[in-house]
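Dear colleague,

Please find below the sequence and structure that I am handing over to you. My findings on charged pairs and on the chain contact follow.

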There are 2 protein chains.
Amino acid sequence: MPKPNHSKALLEAGLATFHQRGYHASGVQDVVSTAGVPKGSFYNHFESKDALGLAVLTHYWDQRAEARAILTNATLSGGERLKRYLGDFSYSEDGCLIGNFTAELTNIDAFRERLSELWERWTDMIAGCISDGQRDGSVRSDMPARDMASSVIALLEGAILATRVERSPRPLETAKRTILRLLST
Amino acid sequence: MPKPNHSKALLEAGLATFHQRGYHASGVQDVVSTAGVPKGSFYNHFESKDALGLAVLTHYWDQRAEARAILTNATLSGGERLKRYLGDFSYSEDGCLIGNFTAELTNIDAFRERLSELWERWTDMIAGCISDGQRDGSVRSDMPARDMASSVIALLEGAILATRVERSPRPLETAKRTILRLLST
């Protein structure tokens, strides 16, 4: 019977390995070594490397649920929610796993479908804030909320790519200032 | 003696292969097959897959020199140059090779250095236009030109990632509109 602790260890090791080295640059052997799990046990938990990759992507998204909670906090104005969300949006020297997988894996249908769903959900949440902010007067209202949300996410993901080449959070900080400027009334 | 036509064929095949499938997902064998060149001859032209990867990156950048020429056209205002540059900025279903390599290869020093140089040159050119536009009144002047340039590139690269999941140029078109809105006086 598959050991649940092995499953969790493989998920965490998969996340660390794919995030640091990239998906195609990592083998199942790298993941089991990092997890400290026998290679034979891998396939008791995941039917393939792609199955682990998809689970890792969902896990990465789920880990950020707490950070996204502010986006639906109805006690704050839409603009204030976005401001706080950006303020807490953290820098990682390995970039964003969603962005990395998008660049590397959209030619694999199962990944493209899952990624598409995550981009969509993320855009919906940001668009919800912007549209509330347009109603409460905290966000400019001369641009469609959904277009602004797509642009906010594009700015974040593009800036995160730039942090990879600069090895510095500076481009992300610049993008946050630009977003606030772009949204301001 | 290395045949120059083989060298060119390998460069074009490397670009097509790395762009479509990703760098780590492509082997030297895939490149020589696409090029129709004997595998043995690969190493007469490139000392390693990484050497080809770096040459491909430079080739990709050089191919876009004509598209960038508008950015230094001194007969136009800074804002107009940017507007025309964006108007001609084209969509590829494989995304931007610079963005893809940034997501996948910045943990390899030689790639990170070359990528860093290209991001820097691109930012310089956009910043030059913005700063001219701030002087000639065609671009808003309440934000530093270099920060705006970083944000323009972040918006483009992030939106190009989004085009990969949507398989549509729509996110790039939205980003272009946002950029023009962001720059406008």
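With which residue does B:Glu173 form a salt bridge? The partner is B:Lys176, and the closest N and O atoms of the pair are 3.5 Å apart. Please note that this is a predicted model.

**Salt bridges within the chains**

The two residues of this first pair are three residues apart in helix H10 (residues 170-183) of chain B, so about one helical turn separates them. B:Lys176 has a relative accessible area of 8% and is therefore buried, since buried means under 20%. B:Glu173, in contrast, is partly exposed, with a relative accessible area of 37%.

A second pair lies in helix H8 (residues 109-136) of chain B, where B:Glu117 and B:Arg121 are four residues apart, about one turn of the helix. Their side chains meet in a salt bridge at 3.5 Å, N to O. Here B:Glu117 is partly exposed at 40% relative accessibility, and B:Arg121 is likewise partly exposed, with a relative accessible area of 39%.

In a third pair, the side chains of B:Asp142 and B:Arg140 form a salt bridge, with 2.7 Å from N to O. B:Arg140 is buried, its relative accessible area being 15%, whereas B:Asp142 counts as partly exposed at 44%.

Chain A offers a network of salt bridges, in which A:Arg81, A:Asp132 and A:Arg135 are linked. Over all chains, the structure holds 28 salt bridges. As a general point, side chains of opposite charge can pair when their charged atoms come close.

**The interface of chain B and chain A**

On the contact between the chains, 40 residues of chain B are in contact with 40 residues of chain A. Together the two chains bury about 3,400 Å², and 57% of this area is on carbon and sulfur atoms. B:Leu161, B:Val165 and B:Arg181 supply 19% of the area that chain B buries against chain A, more than any other three residues.

How many salt bridges are found across the interface of chain B and chain A? There are six. A:Arg167 and B:Asp109 form a salt bridge, with their closest N and O atoms 3.4 Å apart. The count of residue pairs in polar contact between chain B and chain A is 16, with both residues at pLDDT 80 or more.

The side of chain B that touches chain A receives two or more residues from each of these elements of chain B: helix H1 (4-21), helix H7 (97-105), H8, helix H9 (145-166) and H10. H9(B) gives the most to this side, with 13 residues. By class, the side of chain B that touches chain A has 13 nonpolar, 13 polar and 14 charged residues. H8 and H10, which contribute here, are also the helices that hold the pairs B:Glu117 and B:Arg121 and B:Glu173 and B:Lys176.

**Relation of the two copies**

Chain B is superposed on chain A by a rotation of 180° with 0.0 Å of shift along its axis, at an RMSD of 0.0 Å. The two copies are therefore related as by a two-fold rotation axis. The same surface serves both copies, as 100% of the contact residues of chain B recur in chain A.

With kind regards

Definitions and conventions
Residues numbered from 1 in each chain as written. Chains lettered and ligands numbered in written order. Predicted model: local features only at pLDDT ≥ 70, side-chain atom pairs only at ≥ 80, totals over all residues. Heavy atoms only, no water. Salt bridge = Lys/Arg side-chain N within 4 Å of Asp/Glu carboxyl O. Buried < 20%, exposed > 50% of the residue type's maximum accessible area, 1.4 Å probe, protein only. Contact = heavy atoms within 4.5 Å. Buried area = accessible area lost by both parts, 1.4 Å probe. Polar contact = N/O pair within 3.5 Å; in protein donor to acceptor, adjacent residues only side chain to side chain. Nonpolar A, V, L, I, M, F, W, Y, C, P; charged D, E, K, R; others polar. Least-squares fit on C-alpha atoms with pLDDT ≥ 70 in both.
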